Amino acid sequence: MNKSYFLSCVLLLGGLVTGCALRQSAQTNRNQILASTVNPFIGTGGHGHTYPGAVMPFGMVQLSPDNGTQGWDWCSGYHYSDSLIAGFSHTHLSGTGIGDLCDISVMPYYVGTVEKKERQRFSHQQETATPGLYIVTLENNIKVALTTTERVGFHQYTFPKDSVKAISLDLGFAINWDKPTETQIMLVNDTLVTGYRKSKGWADQQWVYFAAVFSQPVQKQVLKRNGQRVAGKEVTGEKALAAFYFPQGEKPLLLKVSISSASIDGALQNLQTEIPGWDFNQVAAEGKMKWQRELQKIQASFLHPARDTVFYSALYHSFVAPSLFSDVKGQYKGNADSVRTVGYNRYTVFSLWDTFRAAHPLYTITQPNRMPDFLNSLLSSYKELGLLPVWELSGNETNTMTGYHAVPVLADALLKGYLPEKSEEMYQAMVASASQNIRGTDLYRTYGYIPADKDGWSVTKTLEYAFDDWCIAQVAKKLGKEADYQKFSKRAASYQPLFDARTLFMRGKNADGNWKAPFDPFHSEHGEKGTYIEGTAWQHSWFVPHDVQGLINLFGSEKLFVQHLDSTFNVTSQMTGENVSPDISGLIGQYAHGNEPSHHIAYLYNYAGQPWKTQEKVRQIMDQMYRNHPDGLSGNEDCGQMSAWYVFSALGFYPVNPSDGNYVLGSPLVKKATIQVGEKKTFKVTAENNSYQNIYVQQVFLNGKPLARTYITHAELMQGGDLRFMMGPQPNKAWGAAPEAYPPSMSAQK
């Protein structure tokens, strides 16, 4: 071979390798930046109800500290105001308003203190959390590090030199509504412990089987049943407790704990499949990479680094639930005492009253591979219980909150092209929910609304059922079921009888057609005796996302509609009543961002020709209600919904109607963002001249062409392209002011 040619090839190859390495290094660094920007402590203070521990995207195990304190702000087991840790358990809820789970609690101790089972002090200065890794050094100098795979929790306990180690395994530990009913601990050999915890709480019947393996042999065990010592290597009872003693030595004590809702064998197979070795750092690194792959689905830059943290922490919290429920054998606990086997990943924790609004629409963009499993999980509840779930937890129907909001989740997915082969099954499941005779639905069908003197939360239920029925109508239309389309379209107008043209609010109406009196739009009643769930008339009267134009028609004019919308943000935040709901938080006037019924309200100006007011309000909400701080959320995180609102809004658009395939434009907080929408396909968002002062949209371009309308479609987003906002300090009141620019509604303009 010619030497000069050979040298040229070597140099060329070297340049290509170097170039690839530099690009790969830059991409890796960017990934690491995305992971490092996440702050899992956001929402652990205030009323956010999040937890800081280790979890994989949508993982089964959430390995996190528990303070052992009872109360509403400890629904996740942990609150940033606390200074004690009772243990590290393997299941947690992210941002819910009811406490449950916190199963299989483990705690390291010294030999002399393990049986006292005292909570241990810690300082936040000795505590860190990143995606997939939680570390804390307790005040007693025991260092704790926790990581996970999808189904296995991995503990690393580093004790001071020459100390004698002990571990407590407490199956009686419980928070809030939860109560153990039967538990078992069995020392199978000197490193393997198995057992189960069955409990009753928010989830009426919960099973958690576990398999735990220590890296060092157990030298001694002390077993207790309901506080009394039991001889041998096995204990079964309502509250089983074990203390395990280990040899002295400098090596950290490692512990792997796998769980399954179906069987001990399932837990063992999870463990053997997901963490066969003992390299803690490798498992933590692999977990970080899993989070990097999720976070880089949206690569965004902001005006200030603190906003990077808020955004990527929101994306992180959006990807925590639903939680994986089936083990590696494909098994999970089904209805009653049954164990089911399926050929897909079954998920649980469907907080549908919250997540149908923005979290599930976000998944249709960012989770195309998981979406079929999410949908099949909802359908599995229908097959087992005869109805789609309302609020599904650990294979149980909790029937928490209002509506039948699995319907918009299924409808949105089906209309976007997911699971076409199951369209008929999905439709029949939706119709079953709309045909049930519980939760006021029989009254709804009989009267055309739910009478306030016959059922609680009557206005909320009526409005939400009307929207859900609109969703069914759209699926019926797609499937060519014209009669059903007409039937459910008529039911979708059921919000209209509750509108009071005199007060301009949706009001409770009795069975005789008279208004429920007295009426106070500032009144809140937290219990089911109330007319509006967790809210007031100010917040709930705007829930007609499928027919905003129809609502405007009831007002009589766009001017009156906008004036009332303005008043929602400008009136006093004071409420009346002896039992005001604590969920009404994050107030701007009577707009309550801390709870989901308000989440679409700021975007309604787009439907009345004044999108500049949407831009103004959305920026205000993002600036005031989301911070890089433990108390950085204005209300419950609610399994990703609070964060999904921010993810969408920061990108510059939001699904006001979460099932019509449209995204209403707001005011982007990003400078630039790239959304992965398919194999080698991206949708880019650019906000030129964006700043904290330049909050108003001057002009919008979609794929280089001026966009006059104030929304984009899901199809436009998913085919890839470019959305460019031109921003300025003053509103452009002409852009989006024409009726043809308005987002679609069920009704025509009058």
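Me: How do the axes of α6 and α17 sit, and at what angle do they cross?
Reply: In this predicted model, helix α6 covers residues 359-366 and helix α17 covers residues 641-651. Their axes come within 9 Å. The crossing angle is roughly 55°.

Me: Which class does that angle put the pair in, and why?
Reply: Oblique is what remains once the other classes are excluded: under 35 degrees would be roughly parallel, and 65 to 115 roughly perpendicular. The axes cross at roughly 55°, so α6 is, relative to α17, oblique.

Me: What is the handedness of the crossing?
Reply: The angle of roughly 55° doesn't carry a hand by itself, so here's that part too. As α6 passes α17, the crossing is left-handed.

Me: Which residues of α17 make the contact with α6?
Reply: On the α6 side, the contact uses A359, P361, L362 and I365. Facing them from α17 are Q641, A644, V647 and F648.

Me: How many residues of that contact are nonpolar, polar or charged?
Reply: No charged residue takes part in the α6 and α17 contact. One residue there is polar. The nonpolar ones number seven.

Me: Is α17 mostly covered or mostly open, and how many of its residues are buried?
Reply: α17 is mostly covered. Its buried residues include W645, Y646 and L651, as well as Q641, A644, V647 and F648. The count of buried residues is 11 of 11.

Me: What comes after α17, and what is its phi?
Reply: The helix is followed by G652. The phi of G652 is positive, near 105°.

Me: Which residues touch the most other members of the largest nonpolar core, and which helix gives the most to it?
Reply: That core has 187 residues, and F561 and F653 touch the most other members. The helix that gives the most, with 11 residues, spans 458-478 and is α11.

Me: What does F561 contact beyond its sequence neighbours?
Reply: Neighbours within four places in sequence are left aside here. F561 is then in contact with W542, V548, L551, I552, F555, L604 and A608.

Me: Is D412 buried or exposed, and why?
Reply: D412 lies in helix α8, residues 406-415. Buried means under 20% relative accessible area. D412 has 3% relative accessibility, so it counts as buried.

Me: Which residues does D412 touch, and how far is its C-alpha from that of S745?
Reply: Not counting residues up to four places away in sequence, D412 touches P361, T364, P658, S659 and G661. D412 and S745 are 333 residues apart along the chain. Their C-alpha atoms are separated by 16 Å.

How values were computed
Residues numbered from 1 in each chain as written. Predicted model: local features only at pLDDT ≥ 70, side-chain atom pairs only at ≥ 80, totals over all residues. Heavy atoms only, no water. Axes fitted to C-alpha atoms, helices over the stretch in contact; angles between N-to-C directions. Helix = DSSP H or I, 4+ residues; strand = E, 2+ residues; numbered from the N terminus. Parallel < 35°, antiparallel > 145°, perpendicular 65-115°, else oblique. Contact = heavy atoms within 4.5 Å. Nonpolar A, V, L, I, M, F, W, Y, C, P; charged D, E, K, R; others polar. Buried < 20%, exposed > 50% of the residue type's maximum accessible area, 1.4 Å probe, protein only. Core = buried A, V, L, I, M, F, W, Y, C linked by side-chain atoms within 4.5 Å.
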